[in-house]
Amino acid sequence: MTANDGPHTVAVLAFDGMAPFELGVVVEVFGLHRPEVGDRPWYRLRVCAEQPGRELRAVGGFTLRAEHGLDVLAAADTVIVPGVSDVHGPVAPALVAALLAAHRRGARLVSICSGAFALAATGLLDGRRATTHWRYAETLRRRHPLVEVDPDVLYVDHGRLLTSAGSAAGIDLCLHLVRSDHGPSTANTVARRFVVPPHREGGQAQFIEAAVPPVPAADDGVGRSLAWALERLAEPLSVSALARAANLSERSYLRHFSRRTGTSPMRWVVAQRIAASLPLLESGAGTVEEVSAAVGFDSPATYRHHFARAMRTTPTAYRRAFNRAE
């Protein structure tokens with residue numbers, strides 16, 4: 001796991017104006033003492049800043065100080081950049097130099113969310129696929145046209161260069177690092193401490209079209225039709241059937257549904273069926289074909305097609321990840 005004989009050193013960058021969540025994720029995963037993993041050596045965490053000891057402001061109105069400088073960051077085994085202060089501004093040359101020095105030594109460079117801009121500034125991502133938060137993807141693509149920006153995944157692993165999407169995807173990537181270093185059993189133990197799913201594939205979509213919660217039946221016809229459909233996902237559903245449940249004409253129903261949900265009835269139904277299939281895949285109950293039928297798809301091929309479009313992975317890969325966690 002590490003090139004030296006001591007504990008694997010993880011260095012994380014702190015900077016002025018940072019959001020504390022990403023830093024907190026790294027500290028939680030790599031900095032806490034973990035008696036639950038037994039006698040195996042855990043990581044040694046170092047929080048670093050360009051100017052160690054300087055007071056750094058964090059979003060939320062508090063400050064912190066990092067004890068270590070960029071020299072410690074450059075000497076670490078894994079370097080994590082949890083963001084940059086300005087996605088439109090330049091990355092500090094001293095940070096770029098430290099990242100390049102770490103990479104030359106064989107370190108693993110990792111970014112969370114907008115931290116991809118720092119990795120891209122080194123040129124190491126040129127010609128490679130990388131991700132960042134979807135809202136920054138176009139800016140990253142425009143500033144670094146040689147980087148193949150993929151805004152539709154949770155994280156991308158190139159071995160010694162790893163990038164992840166938004167803040168919560170940083171949890172997935174940190175657990176992926178633990179899994180790579182210590183195996184799935186230890187990663188699952190850490191995930192249980194986090195109270196999060198133990199594994200989401202890196203290729204999974206950053207987000208899936210969410211279920212629209214039905215309003216009480218007395219409120220409106222569209223709300224009644226949503227509640228009615230959610231109880232019958234395994235049955236054939238059509239716009240005409242949904243319209244009848246809403247006591248509206250199809251034309252009126254389509255107009256009201258779009259205004260109410262921002263999507264079409266059948267796109268909504270597909271999203272609910274995909275969402276309903278996830279716990280079945282996670283439990284390992286039944287084959288993919290049986291899961292497909294249980295949530296109302298007319299064929300396994302149709303299910304696989306819609307699942308891949310929504311989740312950026314396959315039902316089999318999704319189930320294998322969670323079965324491995326079990």
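The following paragraphs describe salt bridges in a predicted model and the parts of the chain that they join.

The model contains seven salt bridges in total. Three of these pairs are followed here, each with its place in the chain and the exposure of its residues.

One pair is formed by Asp16 and Arg57, whose side chains meet with a nitrogen-to-oxygen distance of 2.4 Å. Asp16 is located in the loop that runs between strand E1 (9-13) and helix H1 (20-30), while Arg57 belongs to strand E3 (residues 55-58), so this salt bridge ties together parts that are 41 residues apart in sequence. Arg57 has a relative accessible area of 54% and is therefore exposed, since the class begins over 50%.

Another salt bridge joins the side chains of Arg108 and Asp181, at 2.9 Å from N to O. This pair links distant parts of the chain: Arg108 lies in strand E6 (residues 108-111) and Asp181 in helix H6 (residues 167-182), 73 residues apart. Arg108 counts as buried because its relative accessibility is 11%, and buried means under 20%. Asp181, at 21% relative accessibility, counts as partly exposed.

A further salt bridge connects two helices. The side chains of Arg304 and Glu289 meet at 2.9 Å, again taken from N to O. Arg304 sits in helix H13 (residues 300-311) and Glu289 in helix H12 (residues 288-294); the two residues are 15 residues apart, and the pair links distant parts of the chain. Arg304 is partly exposed, with a relative accessible area of 33%. Glu289 is likewise partly exposed, with a value of 38%.

Definitions and conventions
Residues are numbered from 1 along each chain as its sequence is written. This is a predicted model: local features need pLDDT of at least 70, side-chain atom pairs count only at pLDDT 80 or more; totals for chains, interfaces and linings use all residues. Side-chain values use heavy atoms; hydrogens and water are left out. A salt bridge is a side-chain nitrogen of Lys or Arg within 4 Å of a carboxyl oxygen of Asp or Glu. Helices (H or I, at least four residues) and strands (E, at least two) are DSSP runs, numbered from the N terminus. Buried means under 20% relative accessible area, exposed over 50%, partly exposed in between (1.4 Å probe, protein chains only).
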